[in-house]
Amino acid sequence: MRERELPKSYEPKGVEEKWYSHWLEKGYFHANENDDSKPTYSIVIPPPNITGSLHMGHALNCTLQDILCRWKRMEGYNVLWMPGTDHAGIATQNVVEKELAREGLTRHDLGRDEFLKRVWAWKDKFGNYIIEQLKRLGASCDWERTRFTMDEGFSQAVREVFVRLYEEGLIYRGDYMVNWCPRCRTALSDLEVEYEDEEGGLWYIAYPLEEGTGEVVVATTRPETLLGDTAVAVNPKDPRYRGIVGKRVILPVVERPIPIISDAYVDMEFGTGALKITPAHDPNDFEIGKAHGLEAVNVMNPDGSMNERAGKYAGMDRFECRKAIVKALEEKGLLRKFEPYVHSVGHCYRCHTAIEPYISTQWFVRARPLAEQAIKAVEEGKTRIIPENWTKVYYEWMYNIRDWCISRQIWWGHQIPAWHCKTCGEISVSREEITRCLHCGSGDIERDPDVLDTWFSSALWPFGTMGWPEMTKTLERFYPTSCLVTGFDILFFWVARMMMMGLKFMGDVPFQHVYIHALIRDEEGQKMSKTKGNVIDPLRMMERYGTDAFRFTLAAFAAQGRDIRMSEKRIEGYRHFVNKIWNASRFVLMNLDGYTPGELDLEALTPVHRWILSRLTHAVAQANKALKAYEFDRYAGVIYQFTWHEFCDWYVEFSKESLYRGTTEERLGAQRVLVTCLDTILRLAHPVMPFVTEEIWQHLPVSGDSIVVAPFPKPEEAWTDQALEEEFALVMDVITAVRNIKAEAGLPLTKRIKALAKASGNPLAVLVREAPRIKALAFLEEFKVNEDLQRPLHSALAIVKGIEVYVPLSGLVDIGKEVARLEKELAKVTRELERVERKLANESFLKKAPAHVVEKEKRIHQEIVKKREKINSSLEMFHGLM
RNA sequence: AGGCGGAUAGCUCAGUGGGAGAGCACCGGCCUUACAAGCCGGGGGUCGCAGGUUCGAGUCCUGUUCCGCCUACCA
């Protein structure tokens with residue numbers, strides 16, 4: 001027997017801990033790869049960085065996944081939600097290096113092996129922090145399977161992929177211009193560069209002609225790179241420079257002659273139409289330099305300082321050097337002009353240092369062949385992106401994909417499984433550690449010191465976590481995954497690459513659906529960031545308002561295609577909703593004396609109870625539909641609307657008649673319907689509010705071990721009763737009308753007065769039948785309904801659905817108030833009438849609009865005309881009295 | 001430069017060619033045997049602007065303004 005009493009108020013803290021550990025104990029979140037009896041549903045978590053702590057983005061992302069997983073689990077699926085964390089190469093290395101810096105050390109002081117030990121130690125200590133926070137959020141992951149992108153099995157997958165891509169020629173190594181972060185001292189992929197407009201300058205520098213007296217003026221935003229100039233280029237069509245192509249200019253400061261070349265790339269409109277060419281420090285110049293066979297003079301060190309090729313500027317920081325060069329040019333009288341200039345500057349996405357285009361030897365993935373499959377898979381519908389408009393963004397990027405620089409000059413990560421032979425100079429790539437060159441057998445080999453881009457391993461996440469390269473039971477059962485839930489900010493970084501790798505190595509897409517959710521912003525629509533100080537800490541929100549209220553808020557605002565503006569006030573608002581459910585449950589539980597469980601007998605139930613069941617099944621249908629369509633906001637909205645404004649506001653109040661004044665049979669019927677509704681609401685809401693629903697559900701007289709594994713509600717077609725819903729719409733309108741009259745007349749709602757209604761036909765029968773409830777909810781001492789009632793003198797009038805409701809007010813209120821109320825009503829009705837009459841006067845409308853629309857307008861017209869007549873005559877009556 | 005969103009009540013946002021909605025905020029009333037974290041009632045709108053299609057447009061089309069984001073090698 002379950003406890004029937006709930007405490008006065010809901011205390012989330014203890015309840016959440018209690019049930020979460022209970023669920024873990026019962027193993028509800030564990031997916032069984034050997035279970036053939038159920039359909040499968042799988043999701044891999046976007047692995048959070050081990051350096052991270054739970055922020056709003058994680059909270060939203062995981063709440064949505066948890067909703068899906070809990071929903072599917074309740075629907076009887078074998079659900080795998082694969083959890084884990086990402087080693088986050090640069091980010092983690094940065095964190096540990098900072099820690100070292102506090103001890104006055106650099107990673108080079110420790111050496112590679114010692115440093116890596118430090119990182120692992122750090123990971124063991126802090127790396128699981130975020131996992132614990134996800135548990136706090138209620139995430140129903142299969143924690144027994146928790147993976148890490150650097151664990152042994154995963155490393156094996158990474159090596160396997162690298163070797164196979166290398167063998168197929170899809171990975172190559174070479175000297176190219178890459179994005180270089182001088183602070184992290186590593187190459188970055190194109191995606192890892194964030195461009196921002198910065199106020200810089202455009203310096204116009206004169207390059208004197210070697211022969212004669214002329215000069216060529218070039219414009220540049222980066223004067224310091226002049227040290228590495230190896231040409232000046234002009235457009236071949238530019239008449240201004242036609243005569244001097246092929247001649248040479250003297251590179252200022254360096255005092256070295258460099259050629260004037262012509263290249264169609266040069267924009268005649270920009271600056272002076274002459275462009276300095278620095279092949280080692282600009283991607284375009286690099287290309288032009290290659291085309292013209294120019295030398296690339298690298299004047300910088302990997303840390304962004306100037307190197308020995310910069311002559312007397314050697315050792316100077318690049319930005320210091322810029323100033324120094326400008327000063328030198330001024331002194332030499334070669335600076336022709338300066339103008340402020342806003343241009344886009346790339347920054348490292350990890351440390352925000354301005355990146356440097358830099359030539360170095362790097363490893364690349366040839367992306368195009370992989371992208372072709374990834375495009376095809378989406379075109380063929382094997383993977384569906386939701387909302388659909390992201391599909392176009394995905395295609396756009398895939399069509400224009402460029403090779404992917406995957407080597408990083410850091411230590412924390414998957415070291416590239418390639419060895420350089422000092423004897424024959426060849427590269428050996430191998431799945432296993434090797435000690436001899438695979439080409440010449442020499443033992444004088446050295447492993448490539450670089451590690452792989454973190455995203456290279458993340459790309460393998462959907463199958464790497466399931467045991468690949470072994471073809472495990474888990475893979476067979478759960479790959480491809482059902483859905484990936486993620487933010488659009490990593491669509492290219494991660495989703496696109498998982499698509500490519502999944503198709504390449506599993507021969508199938510990694511996920512059937514990709515649901516792209518919004519970004520969370522602050523109240524003003526600003527991106528949340530620590531530097532702006534506008535972050536809302538999810539843990540504090542859960543602490544303060546309870547996890548369920550927090551999760552419900554996230555879901556309620558997760559409308560597709562729009563960012564979420566989050567504020568604490570909203571979370572507080574939804575805590576009220578949690579409280580509402582709690583109190584409604586208390587009401588139900590404290591009215592279960594004499595309750596016995598049993599099937600609902602529709603025939604035996606009085607109309608009001610069948611009415612709420614009809615509404616309930618409608619809500620259930622809508623919630624199911626919303627979840628299927630990933631409309632989390634609607635799903636939450638349906639629960640909110642039905643629970644609060646239909647179940648609590650109306651049905652609970654109606655049910656009191658049956659509970660307090662009904663027959664034993666009626667009372668039991670009401671109890672069963674109350675329990676059914678509440679049980680259904682709880683099961684419907686469980687995916688989004690797991691804790692409070694479990695806590696209440698465990699008090700309900702229903703069978704089952706846990707709401708986690710209780711069936712998700714399905715619409716009961718037999719409960720739908722459209723006619724009954726219309727009848728109660730009328731009943732509620734009548735009640736509202738009486739309440740309105742009272743309120744506008746300045747009477748307290750609870751003031752017991754009389755009311756009359758003039759109706760006929762079915763409405764008459766309905767109002768007679770429902771009179772007890774109308775009396776209760778409108779606080780009437782008497783409610784008289786009849787076909788031909790005499791309207792009492794001094795009575796207020798309301799017309800609902802053609803039915804006249806009279807509320808005698810003599811002696812209760814001054815007539816002026818009622819007149820004012822009626823005049824307001826008249827104005828409204830008149831406005832409406834004008835609209836309808838305009839429409840019905842339009843012949844084209846009558847001719848061309850569908851018949852049912854015309855019929856409807858005519859019906860409305862009749863109704864309004866009648867209503868207006870009544871109001872008018874009522875007003876006349878009152879005016880006569882005044 | 002190209003692409004994608006958004007613009008509807010004071011705020012945040014739904015809205016499916018056919019009586020403009022919700023939540024919060026606001027105003028007024030109320031301890032009503034679940035809930036004052038509540039209940040009841042109410043006021044609030046040129047649906048960014050201009051055209052067009054249509055019997056009918058918040059909704060579809062074209063243009064336009066503002067805001068946000070993404071992609072891109074403009075020195």
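Biologist: How far does a polar side-chain atom of Arg-570 lie from a sugar or linking oxygen of RNA strand B?

Modeller: This is a predicted model, where local features need pLDDT of at least 70, side-chain atom pairs count only at pLDDT 80 or more, and totals for chains, interfaces and linings use all residues. Residues are numbered from 1 along each chain, chains are lettered from A and ligands numbered from 1 as written, and side-chain values use heavy atoms without hydrogens or water. For Arg-570, the polar contact (N or O atoms within 3.5 Å) has a distance of 2.7 Å.

Biologist: Which residue has a polar backbone atom 2.6 Å from a base nitrogen of RNA strand B?

Modeller: Happy to place that one! Ala-219 also offers a polar backbone atom, but its partner is a sugar or linking oxygen at 3.5 Å. The residue paired with the base nitrogen is Asp-267.

Biologist: Which helix gives the largest share of the surface near RNA strand B?

Modeller: In all, 64 residues surround the strand, near meaning a heavy atom within 4 Å. By class, 26 are nonpolar, 15 polar and 23 charged. Elements (DSSP runs, helices of at least four residues and strands of at least two) supplying at least two residues each include strand E13 (335-348) and helix H18 (568-589). With 10 residues, the largest share comes from H20.

Biologist: Is Ser-482 buried or exposed?

Modeller: Ser-482 sits in strand E22, and its contacts (heavy atoms within 4.5 Å) beyond four places in sequence include Tyr-41 and His-513. Its relative accessible area is 11%, and the cut-offs are under 20% for buried and over 50% for exposed, with partly exposed in between. Therefore Ser-482 is buried.

Notes: A polar contact is a pair of N or O atoms within 3.5 Å; within protein, one must be able to donate a hydrogen and the other to accept it, and residues adjacent in sequence count only if both atoms are side-chain atoms. Ala, Val, Leu, Ile, Met, Phe, Trp, Tyr, Cys and Pro count as nonpolar, Asp, Glu, Lys and Arg as charged, and the others, Gly among them, as polar. Buried means under 20% relative accessible area, exposed over 50%, partly exposed in between (1.4 Å probe, protein chains only).
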